[in-house]
Each structure stands twice: as C-alpha cells, then as structure tokens.
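I opened this notebook page to look up a few points of fold and packing, going from single residues to a helix pair and then to the chain.

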Amino acid sequence: MIAHSAYLSTINIKDAFNLSWDFLQKGGIFMIPLALTSIVGLTAILFKFLSLSRGRIIPDALAVIVINFEQHVIDGTIEPILKEFQRGESTLARLCAVAFKYRGRPRSEIIHAVETSSREESVQMHSGIGLLDTVITIAPLLGLLGTASGLVLIFKGLGDNSDHLAIARGIAEALRTTIFGLAIAVPCIVAHGHFTRRIETLTMRLETLLSHLAAACEKITPNT
C-alpha cells in the first residue's frame with residue numbers, strides 16, 4: 001500500500017511537471033524573462049524571510065535583558081551583557097552597543113547617536129524590498145508584452161478562410177504570458193506588504209527598547 005501511494009505521488013509530480021513545462025513552452029519567448037523574474041522574486045522573498053527573523057533583529061532573550069538593564073547595573077552583572085552587545089549578532093545588540101558607548105551623557109545625546117546608527121540598520125532591514133518592487137512592476141508588463149506580441153502574430157495571419165477555432169486556441173496561448181506574469185506579481189505583492197508591516201513593527205519595538213536603555217545609560221557613569 002505504501003509503495004503504491006509513493007508510485008502515485010511520483011506520477012502526480014511528474015504529470016504536474018509536464019503540465020508546467022508544456023505551459024511554459026507554449027507561452028513563447030517571453031516566458032524566459034518571466035521565468036528569470038520569478039526566480040528573482042522567490043530569491044528576494046526567501047532573503048527577506050531570513051533577514052527579518054526575530055533572532056536577527058530583536059532576540060527575545062536580549063529584549064528582556066534590555067528591559068531589565070538598570071537592575072543588571074545595580075547588581076553588577078553587566079559584563080556578559082556588554083560582551084553580547086559588542087558581538088553585534090543582532091540589530092538590537094549593535095544599537096545597544098552604541099547607546100552604552102554614550103553612557104553618562106544626556107538622554108538626548110544618547111538617542112541622537114542611536115538614531116544616527118539606526119539609519120544604516122534601517123537600510124539593511126529594507127534591503128530586498130526594492131527588488132520586490134521591481135518584480136511587481138516588471139512581471140505583469142512582461143506578461144502583457146508577451147500576450148500583445150502573440151496576438152500580433154495571430155491577427156497578422158488572419159485571412160478569409162481562417163480557422164476560428166485555431167485562432168481561439170492561439171489567443172488562449174498568447175494569454176499564457178499574462179497569466180504567468182500575474183502569478184509572479186501577486187505573491188510578491190503579498191510578501192511586500194507583509195515585510196513592510198514587519199519592518200514597521202520591528203522598528204517600533206526597537207525604538208521602545210532603545211528609549212528604555214537610553215534612560216538607563218543616562219544614569220551610568222562613564223567609567224562603568
């Protein structure tokens with residue numbers, strides 16, 4: 001039974017691959033740039049999923065430490081924390097290192113220093129979003145261009161004795177590039193919206209934590 005199920009699954013996968021390959025072949029030359037565009041879009045989505053993971057931006061354990069940073073100072077247990085800041089394995093750690101560097105200064109100076117460093121971090125957080133924007137714009141246009149090119153060839157060959165059924169099939173095939181272009185753009189639009197909201201959420205969380213840390217660093221003497 002298990003072997004039979006595995007055999008059926010193999011057949012289904014093979015049939016799906018054949019259908020997909022047939023779909024791409026009948027779409028014409030414009031399927032090639034569309035396929036490349038789909039690979040770029042998928043790569044950008046995977047890259048953003050990895051780069052915007054909580055562990056890379058705001059590790060939960062480090063967030064708790066930042067919230068209780070003042071108590072760690074009182075207890076004299078900040079050495080391991082400072083080492084984690086200096087390693088800079090996350091966005092929060094790198095910005096916390098900047099805040100601690102300006103310890104003992106007025107809170108406004110600490111916040112200004114952190115905001116200056118956060119601009120570079122913001123650029124890194126937004127990297128890849130522009131690529132998704134490009135894919136979202138180009139994919140439907142390439143699809144429409146492929147369809148328009150196919151329709152031109154179809155109507156160019158029209159005559160008095162044209163086979164209307166063949167024309168209908170030709171138009172259907174010409175529309176394949178539009179379908180493929182939209183199929184590429186839609187997931188990228190969804191991913192773009194998700195990543196944009198995630199960046200906004202993470203940015204607000206960073207601001208809250210760093211504001212809390214700045215208030216604690218203001219009370220620390222520079223020699224600490």
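I began with His-192 and asked which residues it touches, not counting residues up to four places away in sequence. The list I obtained holds Ile-129, Leu-132, Asp-133 and Ile-136. I kept in mind throughout that this is a predicted model, and that His-192 itself is found in helix H11.

Next I looked at the contact with Asp-133, and I found that the side chain of His-192 makes a polar contact with the side chain of Asp-133, at 2.9 Å.

Is His-192 buried or exposed? I noted a relative accessibility of 19% for His-192, and because the cut-off for buried is under 20%, His-192 counts as buried.

I then turned to Leu-151, which lies in helix H9, the stretch of residues 129–156. With a relative accessible area of 24%, Leu-151 is partly exposed. Leaving out residues up to four places away in sequence, I found that Leu-151 touches Ile-171 and Ala-174. For the second of these I also looked up the spacing: Leu-151 and Ala-174 are 23 residues apart in sequence, while their C-alpha atoms are 6.3 Å apart in space.

My next entry concerns a helix pair, for which I wanted both an angle and a distance, because two packed helices are described by the angle between their axes and the distance between the axes. I took helix H8, residues 107–126, and helix H11, residues 176–218, and found that their axes come within 10 Å and cross at roughly 155°. Angles over 145 degrees count as roughly antiparallel, so H8 is roughly antiparallel to H11. I recorded the crossing of H8 past H11 as right-handed.

Which residues make this contact? From H8 I listed Arg-107, Ile-110, Ile-111, Val-114, Met-125 and His-126, and from H11 I listed Ile-199, Leu-202, Thr-203, Leu-206, Leu-210, Ala-214, Ala-215, Cys-217 and Glu-218. When I sorted the residues of the contact between H8 and H11 by kind, they divided into eleven nonpolar, two polar and two charged.

I closed with the protein chain as a whole, where I found eleven helices and zero strands. Of the 224 residues of the protein chain, 34% count as buried. I also looked up how far apart in sequence the contacting residues are, and I noted that, of the contacts in the protein chain with a separation of 6 or more, 80% are accounted for by residues 24 or more positions apart.

Conventions:
Residues are numbered from 1 along each chain as its sequence is written. This is a predicted model: local features need pLDDT of at least 70, side-chain atom pairs count only at pLDDT 80 or more; totals for chains, interfaces and linings use all residues. Side-chain values use heavy atoms; hydrogens and water are left out. Axes are lines fitted to C-alpha atoms, for helices over the stretch in contact, and angles run from 0 to 180 degrees between N-to-C directions. Helices (H or I, at least four residues) and strands (E, at least two) are DSSP runs, numbered from the N terminus. Angles under 35 degrees count as roughly parallel, over 145 as roughly antiparallel, 65 to 115 as roughly perpendicular and the rest as oblique. A crossing is left-handed if the near helix is turned anticlockwise from the far one by less than a right angle, and right-handed if clockwise. Contact means heavy atoms within 4.5 Å. Ala, Val, Leu, Ile, Met, Phe, Trp, Tyr, Cys and Pro count as nonpolar, Asp, Glu, Lys and Arg as charged, and the others, Gly among them, as polar. Buried means under 20% relative accessible area, exposed over 50%, partly exposed in between (1.4 Å probe, protein chains only). A polar contact is a pair of N or O atoms within 3.5 Å; within protein, one must be able to donate a hydrogen and the other to accept it, and residues adjacent in sequence count only if both atoms are side-chain atoms.
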